[in-house]
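Here's a quick look at how two chains meet. Pull up the model and follow along.

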2 protein chains.
Amino acid sequence: MYDLIIIGGGPAGLTAGIYAQRARLKTLLLEKEIVGGQIAVSDVIENYPGFPPISGAGLMEKFEQQARGFGLEIKVADVMDIHDEGRRKIVKTSEGDLTNKAVIIATGAKPKRLGVLGEKEFIGRGVSYCATCDGPFFKGQRVLVVGGGDTAVKEAVYLSKIASKVYLAHRRDQLRAEKIIQEKAFATSNAEMLLSHVLKEIRGKTGVEKAVLQNLKDNSIKEFAVEGVFIFVGINPTTDFVDVEKDEQGFIKTDQNMQTSVKGIFAAGDCRITPLKQVATAVGDGAIAAFMAEKYIEEIG
Amino acid sequence: MYDLIIIGGGPAGLTAGIYAQRARLKTLLLEKEIVGGQIAVSDVIENYPGFPPISGAGLMEKFEQQARGFGLEIKVADVMDIHDEGRRKIVKTSEGDLTNKAVIIATGAKPKRLGVLGEKEFIGRGVSYCATCDGPFFKGQRVLVVGGGDTAVKEAVYLSKIASKVYLAHRRDQLRAEKIIQEKAFATSNAEMLLSHVLKEIRGKTGVEKAVLQNLKDNSIKEFAVEGVFIFVGINPTTDFVDVEKDEQGFIKTDQNMQTSVKGIFAAGDCRITPLKQVATAVGDGAIAAFMAEKYIEEIG
């Protein structure tokens, strides 16, 4: 029996692990895929305080080393369900049931699909949700990036160094990204902004050949010859397995103590409703969640 | 005229500076004393994710470099008052008035005094609130540490490496510190725990010679020969200069967006009501405060 189970091995989960181990809680961190979470596939992080530009994978390796250094146990397992029995929580995983006193959910969030024709068909054959993973396949080719937020614009700039031409299509008439990121994109000679444009269809034979876009200003339709389509239109939280209060998108509601609607179940990082999803905010969440979990465990005795 | 003024150059303020500069806000950070805040006088930080044990000063130097690298302007000035004129805030400083659109308060908090006889008299002559600053003066001598939280117990362990003997007096019958820190203290051969003990008086001629303690279990009074007294009994926020909603101790009330009771005035880090005061939580606060300040500034146009 563990005191605490942390679900998810991204910045929030690993920070919770560091704090839980320092508080001498018997803690297990469960990760479904790779430790580091979404951030581990990020090209460069330059706004996590204390670090010069560093790769997401490199930063997460440091987090993991530190957490393991404090004795954190990490296992690969998929969580299917959490049974709340008050002072005991049963975490049902692909590797069996785990009984414990408190749970921290730090499962993050995953990229949203657009749902346009050809998208699903061409995943892995031209359609991608990760520039760092798939960008290098498009060397000297043309790509379309869809989205207007930080990730979309950053990744468009990143892709412009690999691809011969980058189109950035966003449905609104201005981008949402940080201004410093926007400026970089606008200063990129081989990047072309297609504002007020939506992707309608992705066409091709064995791989992506054309992106069909609609200009929302005059409703005209135009085909763009591209070999790749990168989609960055938001994220969905990974929270289906847990029955706590959430918003309509599935992000978990918590108070400032990271406490969810169920006592002893805490949430931290991108999977909860939070104004900003950054490594800096995830670590704050993770530290608080572990601190409050320890208080809760002492309270229930 | 600046877009944003950040008051305080600790982890929260510097992180806000990084995010504000990246968002292309015309930003000025005001610091009263030394950049880095309370953390800059901390011996070792080992729970800021991503870093192996590092000195507080060393970590804050990295924060400052990064913030300056993004073009953050930093000035030394004392803030006396903030006039809220809606879309304009006038920050009254020792260097003159500054007009701007939004303010982030990240002034942190300062050590509390005990208020016992001899305390004030012997400040700088044996009484201290900072082990890193003053510890080395007590090489081979005996010191008393007062308090039972993380800081008190950590600093007792730190002082045990310098002093010949460390007494740790705490008024409760158990310590409040993280268990990992407690274990270190209990394993320190020249540290002696005085639980259920309160300091009544500090005595001496030109410097500290004796600490008078009361045992709360039997009310007995005992004198301990010590040359130094280190007091770690909590902190007071530095928030007198601003008229926003606060708790009875002066910590600023905010929502999850770091918004105070006055629109356009945000608070981040130790100066606000928060469940945990750590570098990890301060950076989360600072990032959110800057992000929300930018949204606010765009909103007021």
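Below come a helix pair first and some aromatic rings after that.

This is a predicted model, where local features need pLDDT of at least 70, side-chain atom pairs count only at pLDDT 80 or more, and totals for chains, interfaces and linings use all residues. Residues are numbered from 1 along each chain as its sequence is written, chains are lettered from A, and side-chain values use heavy atoms, without hydrogens and water.

**The helices.** Helix α6 (residues 279–300) of chain A and its namesake α6 (residues 279–300) of chain B have axes that come within 7 Å and cross at roughly 135°. That makes α6(A) oblique to α6(B) (neither under 35 degrees, nor over 145, nor 65 to 115). Who touches whom (heavy atoms within 4.5 Å)? On the α6(A) side, the residues include A280(A), G284(A) and I288(A), and on the α6(B) side they include A280(B), G284(B) and I288(B). The contact residues split into eight nonpolar, four polar and no charged, with Gly counted as polar.

**The rings.** Over all chains, the structure holds 14 aromatic pairs (ring centres within 6.5 Å; stacked means planes under 30 degrees apart). Two stacked ones:

| Pair | Centre to centre | Angle between planes |
|---|---|---|
| Y48(A) and Y48(B) | 5.4 Å | 10° |
| Y48(B) and F51(B) | 5.9 Å | 20° |

Y48(A) and Y48(B) each sit in the loop between β2 (27–31) and α2 (56–69) of their own chain, so their pair joins two chains. Both Y48(A) and Y48(B) are buried (under 20% relative accessible area, 1.4 Å probe), and F51(B) is buried too. Ring pairs link Y48(A), F51(A), F63(A), Y48(B), F51(B) and F63(B) into a cluster.

Definitions and conventions:
Axes fitted to C-alpha atoms, helices over the stretch in contact; angles between N-to-C directions. Helix = DSSP H or I, 4+ residues; strand = E, 2+ residues; numbered from the N terminus. Contact = heavy atoms within 4.5 Å. Phe/Tyr/Trp six-rings, centres within 6.5 Å; stacked < 30°, edge-to-face > 60°. Buried < 20%, exposed > 50% of the residue type's maximum accessible area, 1.4 Å probe, protein only.
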